[in-house]
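Got your viewer ready? Load the model below and let's walk through it one selection at a time.

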Amino acid sequence: MFLVPVFFGITLLVFSIERLAGDPVQLYTALNPHINEAQRQLLRQSLHLDQPIHIQYLSWLSDLLSLNLGFSYSGGSVAVLISQRLWATLELQLIGLTLSLIIAIPIGILSARKRYSVLDVTITSSSLVGTSIPIFFLGVAAILIFGYNLHWFPSGGFQSSDPSRYLYHNLLLDQAWHLFLPATVYTFAILAPVVLLVRSSMLEVLRQDYILAGRASGLSERSVMYKHGLRNALIPIVTYVGLYFGGLLAGAPVTETVFNWPGVGKLFVDYTTQLDFPVIQAVVVIITLMTLVANLVTDVTYAYIDPRIRLE
Amino acid sequence: MPWILGSGSSEVSALPDPLLHVQNLRTYFFTYAGIVKAVDDISLDVSKGETLGVVGESGSGKTVTAQSILRIVPSPGKIVDGTIEFEGKSLMKLREKDMQRIRGKDIAYVPQDPTSTLDPVYRVGEQLSEVIMRHHVISRKDALAKATDLLRSVEIPDPEIRISQYPHELSGGTKQRIAIARALAGDPVLIIADEPTTALDVTIQAQILDLLKELKNRLNVAMILITHDMGIVADVCDRVTVLYAGQVCESGTVEQVFEKPKHPYTQALLTSVPNLALRKEKLSVIPGNVPNLIEPPSGCRFNPRCPYAQQICIDKVPELEPIGEGRSVHCHRWKELDLKSPVAS
């Protein structure tokens with residue numbers, strides 16, 4: 001139940017910090033020589049920016065609690081803006097996360113089983129390199145090679161803008177074609193740290209006597225590795241995935257900007273440069289909620305995985 | 001029985017009803033620091049229904065020998081040489097799939113540490129029935145019933161309750177009993193128990209030893225009991241093989257070895273057993289340390305710590321020599337030494 005104070009604390013923090021960032025009215029009107037101070041004041045009034053800051057906060061909060069995210073300064077409902085883009089973000093992130101787990105777990109287990117072998121050293125060192133490459137670099141490099149030079153994939157976007165240019169004239173295929181490059185880059189970026197995590201966690205577990213006992217009881221190698229090994233090695237992996245999922249939207253701005261992907265991250269970047277407070281606030285609230293929910297799910301998963309964590 | 005004919009080096013005399021025959025086994029660990037020769041020419045035999053004690057200090061190769069027999073030596077360890085014959089067939093040549101059918105069914109293993117011998121995330125019943133179902137064609141329900149019977153056979157009270165408990169809810173002694181029950185799940189003919197009592201306190205130790213003795217008599221199962229405790233050997237075993245630094249010092253029946261040790265290391269081991277009857281002021285210790293197994297001492301590996309060592313012991317590796325009555329000794333000077341047993345009556 002500590003989630004509730006954490007949530008309110010974060011909203012307060014975000015609200016006050018963004019007000020320090022600047023005055024959106026100045027920003028909008030700076031290039032217009034015909035506007036005067038009285039008109040600016042009117043604009044502030046219409047955006048409710050003339051009220052004392054605690055009143056602004058409380059009225060925003062009460063709107064929020066009645067699930068009203070308000071309207072963007074540039075017009076349009078914030079809720080609609082976000083919901084239009086949330087799917088694109090989730091699609092990219094979930095595919096990247098799922099694929100990387102599916103690939104990383106067997107590789108990490110293999111590496112742990114063959115500890116110190118040439119295979120293990122190769123996997124470990126390439127994972128270290130992979131962990132050290134920032135995702136925006138990987139993204140730009142991939143666009144340069146596969147998009148710009150080879151023309152295998154589009155260099156950005158969610159789908160072709162003109163229906164006549166859809167891949168094989170099929171919208172779904174076209175979207176998959178656009179998805180391929182960002183999803184691959186994402187998968188690789190998450191893959192490397194997960195491989196290292198699975199490996200070190202499995203090494204710890206494989207030293208235990210129950211692994212030896214499982215083998216000595218004639219269980220198949222697969223049963224020993226996955227049923228007994230992986231299940232016990234899962235706690236740190238779940239922690240990582242939980243943290244990652246919480247930070248999912250927070251990490252999205254970089255990739256989505258690189259790939260011009262119309263997700264929430266791109267929305268966040270665009271509207272931050274415009275100081276559009278209602279949109280920024282709403283995105284941060286959603287990030288906070290996702291983080292809190294991810295933490296909760298992680299805790300519940302712990303208890304499911306390990307009976308020692310369950311409460312009596 | 002081809003080993004009777006002798007194929008060269010260290011030949012152990014044949015026993016009646018051989019069950020397991022290990023000869024010239026070498027298992028090395030290939031680490032960054034160098035090759036650790038954990039087991040370097042170990043031979044031992046177990047006949048049907050017999051209990052063999054394998055004794056030695058930490059690092060003498062007891063556990064690695066056991067793991068080599070089952071071919072479950074953890075990486076980076078590898079069996080590099082030797083023969084392992086079980087019921088007349090070579091285990092070294094079996095494919096991994098066929099080896100899995102022997103593990104837990106014909107040869108069972110009880111690991112050292114009862115605190116981690118059971119997987120913490122599954123119920124006791126699940127872990128036992130998993131092994132039962134692996135080796136018998138049986139439904140999950142019947143496997144659980146058999147698991148309950150197994151718990152009863154190792155004298156665990158309230159087996160119906162234990163079956164649905166998790167390992168962290170159980171005591172060390174109960175966990176060790178469950179590990180023994182799991183070893184019985186495939187109706188084995190040979191059980192390898194790796195220091196089954198070391199991690200337990202003294203009263204529980206005695207109970208576990210009684211249980212092992214009782215099972216051995218009731219099921220007529222052969223056993224390899226790995227221990228560092230000569231007292232346990234005297235209590236439970238029929239024959240004993242003494243290991244030092246990955247090699248055999250001597251083997252023989254418990255009576256022979258305790259009455260008349262032939263190897264200086266065995267004598268030293270017997271001297272260091274606390275003996276109330278003798279009422280010595282101090283416990284005797286064997287001077288020196290277990291040698292580094294990456295670069296073991298030349299010649300006889302015990303020579304740096306042996307009070308009887310001479311030049312030949314440094315120059316030449318002794319043979320494991322059969323000396324009649326089923327005994328064998330791995331010492332250049334056993335004939336001339338005529339060692340006294342500190343525990344002989």
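Here is the tour, from the whole chain down to a single residue.

Keep in mind that you're looking at a predicted model. Start with chain A in cartoon: you'll find 13 helices and 0 strands. Turn on the principal axes if your viewer has them; along these, the C-alpha atoms fill a box of roughly 85 × 55 × 35 Å. Colour by burial next, and 31% of the 312 residues in chain A come up as buried. If you draw a contact map, look at pairs with a separation of 6 or more: 71% of those contacts in chain A join residues 24 or more positions apart.

Now select 3-65 and 87-311, which are domain 1 and domain 2 of chain A in the domain assignment. Their C-alpha centres are 36 Å apart. Where the two touch, domain 1 puts in 14 residues and domain 2 puts in 9 residues. Stay on the domain 1 side and highlight α1 (3-20), α2 (24-29) and α4 (53-65), each of which supplies at least two residues there. The top contributor is α1(A), with 8 residues. Colour that side by residue class and you get 11 nonpolar, 2 polar and 1 charged.

Last stop: pick helix α5 (residues 78-113) of chain A and zoom in on A:A104. Buried or exposed? A:A104 is buried, because 23 other C-beta atoms lie within 10 Å, and the cut-off for buried is 20 or more. Show its contacts beyond four places in sequence, and A:L191, A:V194, A:V195 and A:V198 appear. To finish, draw a distance from A:A104 to A:D209: they sit 105 residues apart along the chain, with 25 Å between their C-alpha atoms.

Methods: Residues are numbered from 1 along each chain as its sequence is written. Chains are lettered from A and ligands numbered from 1 in the order in which they are written. This is a predicted model: local features need pLDDT of at least 70, side-chain atom pairs count only at pLDDT 80 or more; totals for chains, interfaces and linings use all residues. Helices (H or I, at least four residues) and strands (E, at least two) are DSSP runs, numbered from the N terminus. A residue is buried if 20 or more other C-beta atoms lie within 10 Å of its own, exposed if 12 or fewer, and partly exposed in between; C-beta atoms are placed from the backbone. Two residues are in contact if their C-beta atoms, placed from the backbone, lie within 7 Å. Domain bounds come from an automatic or database domain assignment. Ala, Val, Leu, Ile, Met, Phe, Trp, Tyr, Cys and Pro count as nonpolar, Asp, Glu, Lys and Arg as charged, and the others, Gly among them, as polar.
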